[in-house]
Amino acid sequence: MPRPKGSKNKKSVAPVVEDIDQKIAAAEAEIEELGAQLKAKKAELKALIKEKEAALAAAAEKKAEEDKAKLLDALAKSGKSIDEIIEFLGK
């Protein structure tokens, strides 16, 4: 005798809902963990940017000092006075 219509084995809704609740909780926990990691990485990036800027400033200062020394050396070798050089540059 065939089974009556609608008598199939049906899963209960409660285990499915509990499984979804567990997945939601796991996803929320992972989001919180990733948020903490993101904050740490942003702080690390900010520190690295500051370090890079400081290194660039130091390099620029060193280059300026080297250029100044070269100019003073060239001035001394030329035998001209500062007024003569300024007059020459003004032309």
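This report describes the fold, the salt bridges and a nonpolar surface patch of a predicted protein model.

## Overall architecture

The protein chain contains 2 helices and 0 strands. Helix α1 covers residues 13-78, and the residue pairs described below in the section on salt bridges lie within this helix.

Buried residues account for 0% of the 91 residues in the protein chain. The surface that the chain exposes amounts to about 8,900 Å², and carbon and sulfur atoms contribute 62% of that area.

## Salt bridges along helix α1

The structure has 4 salt bridges. Side chains of opposite charge can pair when their charged atoms come close. Three of these contacts are described here, among them the bridge between Asp19 and Lys23.

The side chains of Asp19 and Lys23 form a salt bridge with an N to O distance of 3.7 Å. Both residues belong to helix α1, where they stand 4 residues apart, or about one turn of the helix. Asp19 has a relative accessible area of 36% and is partly exposed. Lys23 reaches 56% relative accessibility and counts as exposed, because the cut-off for that class is over 50%.

Further along the chain, Lys63 and Asp67 are joined through their side chains in a salt bridge of 3.4 Å, N to O. These two residues also lie in helix α1, with a spacing of 4 residues that corresponds to about one turn of the helix. Asp67 is partly exposed at a relative accessible area of 31%. Lys63, at 48% relative accessibility, is likewise partly exposed.

Which residue forms a salt bridge with Lys77? The partner of Lys77 is Asp73, and the closest N and O atoms of the pair are 3.5 Å apart. Lys77 and Asp73 are 4 residues apart in helix α1, so about one helical turn separates them. Lys77 is exposed, with a relative accessible area of 67%, whereas Asp73 is partly exposed at 39%.

## A nonpolar surface patch

Which residues make the nonpolar surface patch of about 240 Å²? The patch is built from Val16, Ile20 and Ile24.

Of these residues, Ile24 can be described in further detail. Ile24 is located in helix α1, the helix that also holds Asp19 and Lys23. With 41% relative accessibility, Ile24 is classed as partly exposed. Residues in such a patch must have over 30% relative accessible area, so the value for Ile24 meets that requirement.

## Summary

In this predicted model, the protein chain has 2 helices and 0 strands, and 0% of its residues are buried. Helix α1 includes the salt-bridge pairs Asp19 and Lys23, Asp67 and Lys63, and Lys77 and Asp73. Val16, Ile20 and Ile24 make a nonpolar patch on the surface.

Terms used: Residues are numbered from 1 along each chain as its sequence is written. This is a predicted model: local features need pLDDT of at least 70, side-chain atom pairs count only at pLDDT 80 or more; totals for chains, interfaces and linings use all residues. Side-chain values use heavy atoms; hydrogens and water are left out. Buried means under 20% relative accessible area, exposed over 50%, partly exposed in between (1.4 Å probe, protein chains only). Accessible areas come from the Shrake-Rupley method with a 1.4 Å probe; for residues, only the protein chains shown count as cover. Patches are made of residues with over 30% relative accessible area and no salt bridge: like charges are joined within 9 Å, nonpolar side chains (Val, Leu, Ile, Met, Phe, Trp, Tyr) within 5 Å.
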